[in-house]
Amino acid sequence: MSAIASPASPHPSPAVPPRHGAVTVALACFGIFVGYLPVVGVSASLPVIQQGLDASTEGLQWITDAFILPTAALLLTFGIIGELYGRKKTYAGGLAVFSLGCLVCLTAEGVVQVCVGQALAGVGTAALLPSTLGLISHVRPDPRARATAIALWTASLGLGLTLGPLINGAIVEHATWRWIFLPSLVLGVLCLAVGAVVLEDSRSTRERHLDVPGQILAAVAVTGLVYGVIEGGSAGWGSGPVVAAFVVAAVALPAFVVVELRSPCPMLDMRLFRSPAFSGTAVVMALVLFTQVGLVFSLSLYFGLVHHASTWDIGVLLAALNGFTVVLGPVVGRLMNRTSPGQVLVAGLVVAAAGALCVRLFDASTTIGGASRVTAVLGIGIALAMAPITTIAMNSLPHHLAGTAAASNSALRQIGSAFGPAVFGVLLTHRVLATLPAHLADSGLGAADRSQALDVVSHAGIHAGAFLHLDTPDATRQAHAAYAESFTDALHTCALVGGAGLLAAALIALVTVGVRPRAAAGRARAEQRD
């Protein structure tokens with residue numbers, strides 16, 4: 001029997017009517033679009049925020065990760081909350097908290113308040129990710145229809161990533177950086193109002209309970225790791241707080257696994273990882289988002305600090321990276337149905353790896369236009385990969401685990417996103433400081449000027465380009481040229497790490513998912529479920 005009742009039926013089933021299903025998918029897509037507007041939009045605005053708040057590199061990393069960390073830590077919990085109390089309620093609550101976070105950022109007077117607002121927005125997005133996918137899964141139980149809806153959902157996520165920096169670029173041309181949070185606030189409230197009237201609630205028919213110990217241990221493990229990476233890059237890897245953070249994470253992570261294995265109602269059902277396809281896509285998702293968000297962070301700083309590009313120009317560059325998720329979304333859905341999600345995924349990862357490695361061709365004279373052509377290759381690859389990752393993960397498991405699979409998949413997405421700016425920020429700082437002495441020596445500056453330039457960069461970090469003023473204009477120009485070369489070297493290192501990560505992801509996908517045609521893959525899934 002079809003999960004969608006016929007309108008002509010005299011006794012329609014309680015299943016969701018087609019029109020309501022379309023509205024639910026549309027609101028789910030709009031919700032995730034709103035939730036992802038600030039992700040890249042804030043990253044593109046980091047140079048302007050840094051100038052407005054006199055923020056350090058560490059502060060900028062925390063502004064980015066303050067959003068991502070609660071998203072990663074709370075996704076699984078909100079997945080269960082949606083199944084227990086209703087996905088509509090979780091969706092509405094997520095939009096409300098997200099909007100409150102945008103309001104806090106809009107009125108911020110310092111880095112700490114921006115971080116608090118970003119954290120609230122991240123909590124809201126943590127609720128939106130599993131609830132929107134859960135709503136889609138409920139109204140689109142057929143795997144092919146669900147694949148098309150997920151492709152639209154992914155395109156909407158990509159649209160938020162794409163338009164965020166462009167909107168922010170237009171805003172900062174005419175107002176202060178704080179106003180970049182206004183569009184997200186307005187759209188969040190609008191989406192909340194419409195969803196409250198139109199959406200119908202749904203929840204899991206299985207008995208579920210909140211896993212408080214698992215939630216606490218997951219949050220402690222992820223936060224400890226990210227804190228250790230960020231603080232280790234500035235305070236030193238042997239400092240007491242950094243070592244303590246890594247020790248806490250090392251204890252919390254295995255403890256989390258033990259608790260989940262023994263829990264009668266685990267937050268993360270370890271049975272999910274019995275499926276090689278699900279396990280493989282989980283790792284692939286983390287690697288893809290690690291590279292994407294890390295390179296967005298790095299490229300935003302590179303063009304803002306080295307090329308002094310405007311927020312609008314940086315937005316154009318990042319639109320070339322993220323925009324193809326929107327443009328190719330419907331095409332990817334059809335490709336998956338005609339070939340197989342595995343084929344599209346592996347091809348996308350290889351293309352994305354090539355794009356990431358091509359960033360190593362950038363130099364101090366690279367223009368926004370030239371860079372956009374390179375990042376477009378990376379964007380095409382990511383666009384081809386994103387929808388198949390989610391589709392494979394959800395279709396590799398029985399339907400009753402779809403909500404848990406969606407939440408787990410999204411959690412790993414955010415964990416990868418959290419480590420992107422943390423690790424790439426450390427790489428940028430260390431490589432700039434390591435290569436700058438040689439570039440200063442090649443610049444022809446005298447010993448006194450070289451010492452002064454090194455002292456400025458050592459204290460100001462990778463944002464030293466805004467403060468690097470020596471005694472004469474010629475000396476300042478030479479120091480800036482050396483700083484630009486060092487930053488470019490650091491960007492090349494980030495590109496190498498990102499490209500290697502994507503190639504590793506392609507290999508993992510090839511081994512765990514394969515590239516069999518759709519019909520053969522469908523038969524294999526049916527046999528696995530039987």
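Trainee: Which residues of α6 and α15 meet each other?

Mentor: On the α6 side they are P143, R146, A147, I150, A151 and T154, and on the α15 side M386, A387, T390, T391, M394 and N395. Contact here means heavy atoms within 4.5 Å. Before we go on, some ground rules: this is a predicted model, where local features need pLDDT of at least 70 and side-chain atom pairs count only at pLDDT 80 or more, while totals for chains, interfaces and linings use all residues. Residues are numbered from 1 along each chain as its sequence is written, and side-chain values use heavy atoms, with hydrogens and water left out.

Trainee: What makes a stretch a helix, and how many helices are in the chain?

Mentor: Helices are DSSP runs of H or I with at least four residues, strands are runs of E with at least two, and both are numbered from the N terminus. By that rule the chain has 19 helices and zero strands.

Trainee: Why is α6 called oblique to α15?

Mentor: Let's look at the angle between helix α6 (residues 143-172) and helix α15 (residues 368-395): their axes come within 9 Å and cross at roughly 140 degrees. Those axes are lines fitted to C-alpha atoms, for helices over the stretch in contact, and the angles run from 0 to 180 degrees between N-to-C directions. Angles under 35 degrees count as roughly parallel, over 145 as roughly antiparallel, 65 to 115 as roughly perpendicular, and the rest as oblique. The angle of roughly 140 degrees belongs to the rest, so α6 is oblique to α15.

Trainee: What is the handedness of the crossing of α6 and α15?

Mentor: That crossing is right-handed. The near helix is then turned clockwise from the far one by less than a right angle, whereas an anticlockwise turn would make a crossing left-handed.

Trainee: How do you know that α14 and α15 are roughly antiparallel?

Mentor: The axes of helix α14 (residues 341-358) and α15 cross at roughly 150 degrees, coming within 7 Å. That angle passes the limit for the antiparallel class, and therefore the two are roughly antiparallel to each other. Their crossing is left-handed. Among the residues that meet there are G348, L349 and V351 of α14, with L378, G381 and I382 of α15.

Trainee: What makes α4 and α7 roughly antiparallel?

Mentor: The axes of α4 and helix α7 (residues 182-198) cross at roughly 160 degrees and come within 9 Å. Such an angle puts α4 in the roughly antiparallel class relative to α7. The contact includes Y91, L95 and F98 of α4 and L185, V189 and L192 of α7. In this pair the crossing is left-handed.

Trainee: Why is T90 called buried?

Mentor: Buried means under 20% relative accessible area, exposed means over 50%, and partly exposed is in between (1.4 Å probe, protein chains only). T90 has 6% relative accessibility, so this residue counts as buried. T90 sits in helix α4 (residues 87-106). Its contacts, leaving aside neighbours within four places in sequence, are F78, I81, G82, A127 and S131.

Trainee: How do you know that T90 and G86 make a polar contact?

Mentor: The side chain of T90 reaches the backbone oxygen of G86 at 3.0 Å. A polar contact is a pair of N or O atoms within 3.5 Å; within protein, one must be able to donate a hydrogen and the other to accept it, and residues adjacent in sequence count only if both atoms are side-chain atoms. Another polar atom pair joins the T90 side chain to the backbone nitrogen of G82, at 3.4 Å.

Trainee: Why does T488 count as buried?

Mentor: T488, in helix α18 (residues 473-512), has 2% relative accessibility, so the residue falls in the buried class. Its side chain makes a polar contact with the side chain of Y302 at 3.5 Å.

Trainee: What makes R334 partly exposed and H308 exposed?

Mentor: R334 has 45% relative accessibility, so it lands in the class in between. H308 has a relative accessible area of 55%, which makes it exposed. R334 lies in helix α13 (residues 329-338), whereas H308 is found in the loop between α10 (276-305) and α11. H308 also has a positive phi of about 55 degrees although it is not a glycine.
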